[in-house]
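Hi,

Here is the structure I promised to pass on. Have a look at it first, and then read on for what turned up when I went through it.

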Amino acid sequence: MEASNRSDAEGDKETSICQAIVPYVKAPEHGLHARSLSYTFPALEAQVVLQQRYGEEGAGVGGAQWPAGHVLADFISKRPTLGSSARPFEWRDKQVLELGAGLGLVAIVAAHLGARVAATDGVKGVLPLLRSNIQAAAVGASWTHPVSTHLLRWGQEEEESVLAFLRERLPPLSGPGSSSGVDVVLAADVVYGDKVQVW
């Protein structure tokens, strides 16, 4: 895993960039066809159980929890604060947009950290699983904000619909501790497929 901080030319804005590369190994222990998977996040004192339906009910690849999503969830679970000591970034009350949320693991972890999460996926058949997993994880959890779920296809052809989504569904927040628009975009394993031109 690699993390770095960068400042712009004027030095007034710092961006934290985090990157992790996880090789995919097709193995039975991955649990691709398991009906449920359990993940423990000691830093959050949380255990998350996900239902998955790989290839069923129109969910396609979004119906499975892929390793990169687990790595991203684990990464943010261990970092309630990112950035530098001079400019820390805390998840609490931040607006998080997750693209390609699939089963919701990353969104659930961000919610445990206090973020206001909009979990999106471009496959309609994934949304019932996403909603079900988020609802199950919310039981007994002390989340600051509920997680919302939305159908959102993104890419060059869908640029206008993404912008409309951001304006209509994620308007600027107001009030103490809130921010404007989207503070963080999270995505894991969202670029794949046979059509390179789509990437």
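One definition before anything else: a residue counts as buried under 20% relative accessible area, as exposed over 50%, and as partly exposed in between. D189, with a relative accessibility of 45%, therefore lands in the partly exposed class. Please also keep in mind that this is a predicted model.

**The overall layout**

The chain has four helices and 10 strands. Going along the sequence, they come in the pattern β-β-β-β-α-β-β-β-α-β-α-β-α-β. There are 199 residues in the chain, and 38% of them count as buried. If you take the contacts with a separation of 6 or more, 56% of them are between residues 24 or more positions apart.

**The hairpin**

Let's start with strand 3 (36–41) and strand 4 (46–51). These two pair in the antiparallel sense, over six bridges. One of the pairs to look for is F41, whose bridge partner in strand 4 is A46. Together the strands make a hairpin, with four residues between them.

Which side chains of strand 3 are buried? L37, Y39 and F41 are, and they point to one face, while S36, S38 and T40 point to the other face and are not buried. That fits the general rule that side chains in a regular strand alternate between the two faces of the sheet.

The turn has a backbone detail to look at. Most residues other than glycine have a negative phi. E45, in the loop between strand 3 and strand 4, has a positive phi near 50°. The side of E45 that faces out is not hard to find on screen: E45 is exposed, at a relative accessible area of 77%.

D189 is another non-glycine residue with a positive phi, here near 55°. You will find D189 in the segment after strand 10 (184–187).

**Helix 1 and the salt bridge**

S77 belongs to helix 1 (residues 67–77). Is S77 buried or exposed? Its relative accessible area is 2%, and the cut-off for buried is under 20%, so S77 is buried. Leaving out neighbours within four places in sequence, the residues in contact with S77 are F41, A43, L44, V109 and L113. F41 is the residue from strand 3 that also points to the buried face there.

K78 is another matter: with 52% relative accessibility against a cut-off of over 50%, K78 counts as exposed. The side chain of K78 meets that of D74 in a salt bridge, at 2.9 Å from N to O. How many salt bridges does the structure hold? Just one.

**The parallel sheet**

Four strands form an open sheet with parallel pairing, in the order 9-8-7-10. Strand 9 and strand 10 are the edges, and each of them pairs on one side only. From one strand to the next, the twist averages 25°. Within this sheet, strand 7 (residues 95–99) and strand 8 run parallel and are joined by four bridges. If you want a pair to click on, Q95 has R116 as its bridge partner in strand 8.

**Helix 3**

Helix 3 (residues 127–138) has 12 residues, and at 1.5 Å a residue they should span 16 Å; the end C-alpha atoms are 16 Å apart, so the two agree. Its buried residues are L127, L129, L130, N133, I134 and A137. Looking down the helix axis, these fall within an arc of 165°, which means that they line one face of the helix. On the other side, P128 and Q135 are exposed.

What covers the buried residues of helix 3? The cover includes strand 4, helix 2 (105–112), strand 8 (116–121) and strand 9 (148–151). Helix 3 lies across strand 8 and strand 9, and runs at about 175° to strand 9. After the helix comes G140, with a positive phi near 80°.

That's what I have for now. Shout if you want to go through any of it together.

Cheers

Conventions. Residues are numbered from 1 along each chain as its sequence is written. This is a predicted model: local features need pLDDT of at least 70, side-chain atom pairs count only at pLDDT 80 or more; totals for chains, interfaces and linings use all residues. Side-chain values use heavy atoms; hydrogens and water are left out. A salt bridge is a side-chain nitrogen of Lys or Arg within 4 Å of a carboxyl oxygen of Asp or Glu. Buried means under 20% relative accessible area, exposed over 50%, partly exposed in between (1.4 Å probe, protein chains only). The expected span of a helix is 1.5 Å times one less than its number of residues. The arc is that of the directions from the helix axis to the C-beta atoms. Contact means heavy atoms within 4.5 Å. Two strands pair if DSSP finds at least two bridges between them. Axes are lines fitted to C-alpha atoms, for helices over the stretch in contact, and angles run from 0 to 180 degrees between N-to-C directions.
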